Amino acid sequence: MILELDCGNSFIKWRVLRVEAGGLIAEGVVDSDGALVDGLRSLKNVSLDRCRLVSVRTEDETSLLIGLLKHEFGVSVVCAAPAREISGVKNGYDDYERLGLDRWLAMLGGFHLAKGACLVLDFGTAVTADFISADGEHLGGFICPGMPLMRNQLRTHTRKIRYGDLAAERALTSQAPGRNTAEAVERGCSLMLRGFVLTQLEMARSYWGNDYSVFITGGDAELVSDIAPAARVVSDLVFVGLAMACPLS
Ligand SMILES: Nc1ncnc2c1ncn2[C@@H]1O[C@H](COP(=O)(O)OP(=O)(O)OP(=O)(O)O)[C@@H](O)[C@H]1O
Ligand SMILES: CC(C)(CO)[C@@H](O)C(=O)NCCC(=O)O
Ligand SMILES: [K+]
């Protein structure tokens with residue numbers, strides 16, 4: 001069985017697949033290396049042989065996790081690495097090694113599924129947009145704060161913006177102007193993301209007319225998916241790209 005990991009800035013998304021049929025055996029989201037090991041240990045009838053992972057964490061943090069996985073489960077680990085070109089997608093950064101690997105893999109996955117021009121939007125801790133033309137050329141992208149960062153900046157830099165998780169969750173059941181702090185902040189930030197999506201769609205249309213696909217991924221995808229009805233929400237887009245960048249040899 002193969003363990004796949006997407007190590008983001010706040011969470012580690014993991015899943016276990018059967019090697020032959022590629023069938024999903026288990027999956028989860030955890031907030032620490034320790035919680036990952038505990039989660040994997042608790043699985044019944046699972047024996048891990050190999051692991052492939054992508055990380056946007058520091059080299060030290062990633063090495064620590066790889067060491068832990070080797071020690072705990074005896075797996076061999078392959079790590080996605082920066083590349084100038086994979087599967088017809090050409091990295092558009094001036095310095096290709098600087099492009100976030102989660103963005104790169106989501107782009108590979110998107111272009112593979114679209115078989116044409118595409119816009120890839122990821123709503124995680126950070127929000128990213130990337131444009132890939134029909135010939136696989138990465139035109140570049142955008143990075144801005146995601147929902148958790150926007151919310152926390154407001155909390156950190158004001159005295160009186162304070163509310164709990166339950167209020168936050170309740171606030172997001174509507175888009176109407178807020179009548180309390182939680183509603184005002186949660187809906188305000190949600191509208192920032194939705195406005196961002198509309199701007200990206202406009203830009204894509206200016207490049208490609210109607211001839212492009214949109215992919216939305218990341219933990220907060222559901223906050224914006226209805227603003228782009230033609231978009232495909234693909235929660236495992238990074239894993240699609242991970243399999244392309246790190247095929248089982
Ligand atoms: N099951 C879940 N577990 C954790 N976060 C979730 C879940 N479902 C939705 N979210 C939301 O997703 C966001 C985090 O997104 P995601 O997990 O894609 O990225 P991340 O690992 O934090 O960051 P990065 O963009 O660096 O990969 C948070 O705002 C969180 O509230
Ligand atoms: C932008 C994030 C944080 C999104 O997860 C990640 O892709 C990253 O750390 N990227 C490096 C910077 C860049 O892509 O230009
Ligand atoms: K991500």
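**Exercise 1.** How much space lies in the second largest pocket? Then describe its lining.

*Solution.* The model is predicted.

Step 1: volume. The second largest pocket holds about 340 Å³ of space.

Step 2: the centre. This pocket is lined by 17 residues, and Ser 55, Arg 57, Glu 59, Pro 82 and Leu 101 are the closest to its centre.

Step 3: the main contributor. Helix H2, residues 59-73, gives the largest share of this lining, with 4 residues.

Step 4: chemistry. Sort the lining by class: 8 residues are nonpolar, 5 polar and 4 charged.

**Exercise 2.** Turn to the largest pocket. Which elements supply at least two residues each of its lining?

*Solution.* Step 1: volume. About 1,100 Å³ of space lies in the largest pocket.

Step 2: the residues. Its lining counts 43 residues. Nearest the centre are Lys 13, Phe 123, Gly 124, Gly 218 and Gly 219.

Step 3: the strands. S2 (12-17), S3 (24-30), S8 (118-123) and S9 (126-132) each give at least two lining residues.

Step 4: the helices. H3 (101-114), H4 (147-156) and H7 (237-245) do so too. H4 supplies the largest share, 5 residues.

Step 5: chemistry. The lining splits into 17 nonpolar, 13 polar and 13 charged residues.

**Exercise 3.** Where does ligand 1 sit, and which residues come nearest to ligand 1?

*Solution.* Step 1: place the ligand. Ligand 1 sits in the largest pocket.

Step 2: find its neighbours. There are 14 residues around ligand 1, and Asn 9, Lys 13, Thr 125, Gly 219 and Asp 220 come nearest.

Step 3: cross-check with the pocket. Lys 13 and Gly 219 are among the residues nearest the centre of the largest pocket. Both are also among those that come nearest to ligand 1.

Step 4: classify the shell. Around ligand 1 there are 5 nonpolar, 7 polar and 2 charged residues.

**Exercise 4.** What lies 2.5 Å from an oxygen atom of ligand 1? List further contacts, then give the buried share of the ligand.

*Solution.* Step 1: the side chain. A polar side-chain atom of Thr 125 lies at 2.5 Å from a ligand oxygen atom.

Step 2: the backbone. For Asn 9, a backbone N or O atom lies 2.8 Å from an oxygen atom of ligand 1. Gly 219 also places a backbone N or O atom 2.8 Å from an oxygen atom of the ligand.

Step 3: burial. Ligand 1 taken alone exposes 630 Å². The protein buries 71% of that area.

Note on methods. Residues are numbered from 1 along each chain as its sequence is written. Chains are lettered from A and ligands numbered from 1 in the order in which they are written. This is a predicted model: local features need pLDDT of at least 70, side-chain atom pairs count only at pLDDT 80 or more; totals for chains, interfaces and linings use all residues. Side-chain values use heavy atoms; hydrogens and water are left out. On a 1 Å grid over the protein atoms alone, a cavity is a set of points where a 1.4 Å probe fits but cannot get out, and a pocket is an open set with protein on both sides within 12 Å along at least five of seven lines; lining residues have an atom within 4 Å of a point. Grid points are joined across faces, edges and corners, and a volume is the space filled by probe spheres set on the points. Ala, Val, Leu, Ile, Met, Phe, Trp, Tyr, Cys and Pro count as nonpolar, Asp, Glu, Lys and Arg as charged, and the others, Gly among them, as polar. A residue is near a molecule or strand if one of its heavy atoms lies within 4 Å of it. A polar contact is a pair of N or O atoms within 3.5 Å; within protein, one must be able to donate a hydrogen and the other to accept it, and residues adjacent in sequence count only if both atoms are side-chain atoms. Accessible areas come from the Shrake-Rupley method with a 1.4 Å probe; for residues, only the protein chains shown count as cover. A molecule sits in a cavity or pocket if more than half of its atoms lie within 2 Å of its grid points.
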